[in-house]
Amino acid sequence: MKLLFIFSLTCVICLVQPIFSAQNSTLLFVQFVYRHGDRNPITLYPKDPNPESAFKGGLSQLTLLGRKQHYELGKHFRSMYKNFTTFSPSEIAVVSSDVDRCLMSAATNLASFFAPNAEWSFEKDFRWQPIPICYLPQAQDKYLRDGSYCPRADEEQKRILNSPKGQQFIAEHKEMYETLSYLSGADLTNWTQAADFYDTIFIEKKYNLSVPSWVEPYYEELTNVSNLSFFWEFNSPLMLRLRGGPLIQRMINTMNDKISGKLEDLKFQVYSAHDTTIAVVLNALNLFNMIQPPYASTLLFELHEMPNGANALRMLYMNSSRPEERIEEPHVLILEGCSEFCPLSYFINYTKDLMPEDWEQECKLDKMTNDQKFSVYWIFLFVGVVITSMGVYVVWRIYSRRQVKCAYNLMPTN
């Protein structure tokens, strides 16, 4: 019933009359959030008939198809914005998640998107130019990694999992979990574990590798659970604030810096990330379609100046299922109560509850996890034992010396 309401609401939103139209607007700035391209499985399940050697490049790595997908996507970006950029390296900034598949996707995308014109070419027959790609360590990346260190988010994730609605959803698929756990050797008890298992099976089917016959009766149900895991994973205001808020906040701050003149040359900001990154942003904006973002899917945030001088935000979603073959026209995303060209002030107000005032404090980073407390306990215990032992030894030495002196003083002299 809740899903029907969401889909109905989306249809109603699409009928809202626009506040601004595209006529005579001036494009100022574009931000991209895209998923990496096709990759190998992250892990294999215990009874997987396929060895790791079946996956060229290694587990979790970007495949040749994934590179092709992002190269084609970059060409599409170039076509979309060819009249907006001079392809100067100063016009683009790139931030990637700290994993190979995201870094390589960004590099491949840039190879076609920002291939240099004559002015920026340094080799006559080589249309490529170096573009810096920045990243944060995974544990510290609150913008692009839903697994960055945030104890409160971990606690909230467990609460969602154990909530009555969460347990009800799990119970609806209990028979599938139990059967697939027994046959695969994997521990499948919730939607996250099911999604991980589905990911491996999906890739193995795609590449015509060995897939046990017992998977097929459950494949449709498994696909459905995997898709919905991207909703359940962030199904609370707190999770959206802690996992989606930092990136949305960063994008708003960047747009404000562009408007104020701090980023005079910059025209594109790119974030090379994951399906979960796109899903949490769409969930936070109440625009998620309950389908896993496919490889190379992209959210675009275009900042426009309207004829009356106001700034507006236009949001697009590109989710072609086969971007290596054909990139479909992007879907226009319309925020509830707004229009295609939504006033930036409306967007900022709409997302204000998602903005952490102090993310580290809200994540309780100043408090230790149980594992950390356990480790510190043993460290202090070890140090205490060492200090006590040293103290006992020192006392013993002092006492021994005093006994010798007394004995020496008491010896009769001749």
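Start with the second largest pocket, which has a volume of about 420 Å³. This is a predicted model, so keep that in mind as you click around. Of the 20 residues lining this pocket, select Pro237, Leu240, Asn283, Ala284 and Asn286, the closest to its centre. Now colour the helices: α1 (2–14), α9 and α10 each supply at least two lining residues, and α9 gives the most, with four. By residue class, the lining splits into 13 nonpolar, four polar and three charged.

Next, jump to the largest pocket, at about 1300 Å³. Its lining runs to 48 residues, and those nearest the centre are Arg35, Arg39, Phe230, Asp275 and Gln292. Put these five in sticks and use them as your landmark. Colour the lining by class and you get 16 nonpolar, 18 polar and 14 charged residues. Which helices supply at least two residues each to this lining? Select α2 (64–80), α4, α7, α8, α9 (237–260) and α10 (275–284). The largest share, nine residues, comes from α7, so to speak the next stop.

Select residues 191–206 to get α7 on its own. The helix has 16 residues and reaches 22 Å from first C-alpha to last, close to the 22 Å expected at 1.5 Å a residue. At the N-terminal end, zoom in on Asn190, which caps the helix: one of its side-chain oxygens sits 3.0 Å from the backbone nitrogen of Thr192. Past the other end, look for Asn208, which follows α7 and has a positive phi, near 55°.

Now show the buried side chains of α7: Trp191, Ala194, Ala195, Phe197, Tyr198, Asp199, Thr200, Ile201, Ile203 and Glu204. What covers them? Bring up α4 (151–162), α5 (164–171), α6 (174–184) and α8 (219–232), which are among the elements doing the covering. While you look down the axis, remember that an α-helix has 3.6 residues a turn, so residues three or four places apart point the same way.

Last stop: Ser97, in the loop between β2 (92–96) and α3 (100–113). Is Ser97 buried or exposed? Ser97 counts as buried because its relative accessibility is 0%, and the cut-off for buried is under 20%. Draw a distance to His274: the two side chains share a polar contact of 2.8 Å. To see the rest of the surroundings, leave aside neighbours within four places in sequence and select Cys102, Leu103, Asp141, Leu144, Arg145, Ser272, Ala273 and His274, which are in contact with Ser97.

Methods:
Residues numbered from 1 in each chain as written. Predicted model: local features only at pLDDT ≥ 70, side-chain atom pairs only at ≥ 80, totals over all residues. Heavy atoms only, no water. Expected span 1.5 Å × (residues − 1). Buried < 20%, exposed > 50% of the residue type's maximum accessible area, 1.4 Å probe, protein only. Contact = heavy atoms within 4.5 Å. Polar contact = N/O pair within 3.5 Å; in protein donor to acceptor, adjacent residues only side chain to side chain. 1 Å grid on protein atoms, 1.4 Å probe; cavity = no way out; pocket = protein on both sides within 12 Å on 5 of 7 lines; lining within 4 Å. Points joined across faces, edges and corners; volume = space filled by probe spheres on them. Nonpolar A, V, L, I, M, F, W, Y, C, P; charged D, E, K, R; others polar.
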